[in-house]
Amino acid sequence: MSNRPRASMQRILDDLGSTVLDVAASPGELDAEVTGVHIYDPLDELLLPEGGILLAVGVDRAEQICALLDAVGPAAGVVVKQPVPVDELVRAKVLETGVAVLGLTRAASWAQVAALLRSLLAEGDLAEPGETPPDDLFSLANAVCALLDAPVTIEDRSSRVLAYSGRQDEADPGRVETVLGRQVPMRFQRMLEARGFFRQLYQSHEPIYLEMDGDSIHRAAVAVRSGDEILGSIWAAVREPLSDQRQRALADAAKIVALQLLRQRAGADTRRRLRADLLSTVLAGGKDAAEAAGRLGVASERLCVLAAQLSGGSDGDAARRESDRQRFCDALALHVGAIHPKAAAALVGSVAYAVLPLHAGSGGEEEARAVRVAESFLARVGPRHAANIGVGRLAGNLSEVARSRADADRALRVLRARESSGAVAGYTGVHFEALLLQLSDLAEAEEQAPTGPYERLLSYDAEHGSELVPTLRAYLDAFGDVNAAAARVHVHANTFRYRLKRLTEISGLDLGDPEARLTVMLQMRIFGR
């Protein structure tokens with residue numbers, strides 16, 4: 001197999017095929033290098049780097065397309081939902097600017113095409129100078145398609161589409177839906193599982209033939225394995241069983257795909273480790289931060305750090321938890337990358353960190369914008385990834401990123417202490433809670449213990465099984481309102497007054513002294529008893 005060429009517009013169109021994107025108007029050869037994917041927002045300033053592809057959401061008129069072509073500068077292309085209103089003015093503007101106009105099938109969502117394009121561009125991500133990117137699964141899929149004379153998908157063990165060949169328009173609607181979503185729809189997975197197709201597929205070392213119901217085209221499939229490990233499968237949409245020659249070709253192709261998947265897995269692990277190491281260097285903010293930021297391609301000024309962590313328990317399979325964390329981090333990277341081309345995210349330990357560049361704004365507004373970005377992300381991933389996100393203060397430059405990272409970690413810790421799930425906190429919003437947690441750490445490190453009235457109440461409760469400390473806490477939380485405090489601890493107000501009198505006698509606490517009240521409140525929070 002040959003190494004994957006650079007991500008030119010023509011190469012991306014060849015990979016995706018006309019099922020997803022088609023050329024509506026071209027300036028000539030589509031050999032421009034594609035550097036990133038960006039989403040058009042009419043309310044935001046359009047800053048598109050050279051080689052970017054602009055997803056023109058909501059654009060459906062020729063004059064709008066012409067205005068975008070004038071505004072995008074040295075972009076590689078503009079994508080518009082089909083049917084694309086191409087007239088002579090649009091064609092002339094395409095030739096003038098050198099920017100292609102592409103049509104996106106109505107069946108695809110903008111989120112789907114953004115994910116498809118970014119997955120193709122990411123294959124050569126973080127390659128070192130002179131380093132060749134890995135072989136291409138899409139090329140393998142096209143080669144198998146030519147051998148079998150049938151459209152092909154390569155899928156992982158979870159029925160996610162890793163690559164697909166051309167000619168998908170010859171298959172049935174279910175295959176088109178699979179390609180657009182990069183995942184076999186759940187109803188087809190359940191059908192295949194119920195009929196025992198997956199069990200048959202994974203038990204066989206040879207291709208199998210599956211007769212589908214209704215208008216669906218039949219399938220020929222083979223498991224992709226490395227020894228006893230199932231790596232995935234190859235699926236071809238066929239109208240009749242394969243001949244012996246094509247059966248052998250599909251079986252041989254599975255061996256080549258297995259090697260490629262193993263290479264990609266090793267390469268992906270290496271790239272992820274490299275990305276995590278580089279981002280860790282940026283987050284440390286030391287002398288090597290600028291070089292690491294340059295290699296990552298992230299901005300060096302006006303940055304906010306986001307610290308995101310799954311909030312589920314630690315029970316279950318360790319490998320599954322790590323896989324969930326990595327998928328969560330990949331989703332975060334995709335989200336922040338859609339907002340700014342110079343954002344980056346990586347998994348460091350159990351926390352997914354993102355460095356998000358922000359445009360200039362009024363004082364404090366940048367952190368609020370970063371909080372909104374984090375809230376939008378959690379709303380998108382929804383119940384699939386229950387998580388919390390802490391947001392640090394704005395860092396004016398790379399030397400301040402370490403402080404923003406510490407802020408984000410502290411905000412995230414506050415959310416953990418609250419036992420929250422699906423929550424976002426900016427550091428300034430939880431500043432005092434974070435300070436109390438730091439004081440708690442300091443007290444524990446120095447083996448400090450409660451003193452004064454609070455210590456006497458703790459000792460009395462421990463010795464007599466009484467509830468004087470909860471009584472005091474309810475009184476302070478209710479700002480001295482005895483009726484409200486009594487309701488909190490589910491006792492009669494007179495009983496509460498008696499307990500309050502007893503605790504002041506035993507502890508010597510003067511509840512009329514604001515300094516004494518503050519002292520005992522802080523001890524309750526710091527020592528957490």
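Here a trainee and a mentor talk through why certain labels apply in this predicted model.

Trainee: Let's start with helices. What makes α14 roughly perpendicular to α19?

Mentor: Helix α14 (residues 431–445) and helix α19 (residues 514–527) pack at an angle of about 75 degrees, with axes 8 Å apart. Angles from 65 to 115 degrees count as roughly perpendicular, so α14 gets that label against α19.

Trainee: Which residues make that contact?

Mentor: On the α14 side you have F432, E433, L436, L439, S440 and A443, and on the α19 side L522, R525, I526 and F527. Sorted by class, the contact has 7 nonpolar, 1 polar and 2 charged residues.

Trainee: On to charges. Why is the pairing of E170 with R167 called a salt bridge?

Mentor: The closest N and O atoms of E170 and R167 are 2.9 Å apart. The cut-off is within 4 Å, so the pair qualifies. As a general point, side chains of opposite charge can pair when their charged atoms come close.

Trainee: How do you know whether E170 and R167 are buried or exposed?

Mentor: Neither word fits. Buried means under 20% relative accessible area and exposed means over 50%, with partly exposed in between. E170 has 40%, and R167 has 31%, so both count as partly exposed.

Trainee: What makes R403 and D407 a salt bridge?

Mentor: Their N to O distance is 3.9 Å. The rule says within 4 Å, so R403 and D407 are counted. Both lie in helix α13 (residues 401–417), 4 residues apart, about one turn of the helix.

Trainee: And which of the words buried, exposed or partly exposed goes with R403, and which with D407?

Mentor: R403 has 33% relative accessibility, which falls between the two cut-offs, so R403 is partly exposed. D407 has 0%, and that is under 20%, so D407 is buried.

Trainee: Where do D324 and R327 sit?

Mentor: Both are in helix α11 (residues 318–339), 3 residues apart, again about one turn. Their side chains meet in a salt bridge at 2.7 Å, N to O. R327 is partly exposed, at 31%.

Trainee: How many salt bridges does the rule give?

Mentor: The count comes to 20. There is also a network of salt bridges linking D70, K93 and E96.

Trainee: Now strands. What makes β11 mostly covered?

Mentor: In strand β11 (residues 301–310), 7 of its 10 residues are buried.

Trainee: How do you know that β11 pairs with β15?

Mentor: Pairing takes at least two bridges. β11 and β15 (residues 395–397) have 2, in the antiparallel sense, so they count as a pair. One of the partnerships is L303 with A395 in β15.

Trainee: Which strands among β13 and β14 pair with β11?

Mentor: Both do. β13 (residues 351–357) pairs antiparallel with β11 over 6 bridges, and V305 has V355 as its partner there. β14 (residues 387–391) pairs antiparallel with β11 over 5 bridges, with Q309 opposite N388.

Trainee: Last one. Why are β7 and β8 called edge strands?

Mentor: Look at the open sheet of 5 strands, in the order β7-β6-β10-β9-β8 with antiparallel pairing. β7 (161–164) and β8 (208–210) each pair on one side only. The twist in that sheet averages 25 degrees from one strand to the next. Within the sheet, 9 bridges join β9 (residues 218–226) to β10 (residues 229–238), and V222 has I234 in β10 as its bridge partner.

Definitions and conventions:
Residues are numbered from 1 along each chain as its sequence is written. This is a predicted model: local features need pLDDT of at least 70, side-chain atom pairs count only at pLDDT 80 or more; totals for chains, interfaces and linings use all residues. Side-chain values use heavy atoms; hydrogens and water are left out. Axes are lines fitted to C-alpha atoms, for helices over the stretch in contact, and angles run from 0 to 180 degrees between N-to-C directions. Angles under 35 degrees count as roughly parallel, over 145 as roughly antiparallel, 65 to 115 as roughly perpendicular and the rest as oblique. Contact means heavy atoms within 4.5 Å. Ala, Val, Leu, Ile, Met, Phe, Trp, Tyr, Cys and Pro count as nonpolar, Asp, Glu, Lys and Arg as charged, and the others, Gly among them, as polar. Buried means under 20% relative accessible area, exposed over 50%, partly exposed in between (1.4 Å probe, protein chains only).
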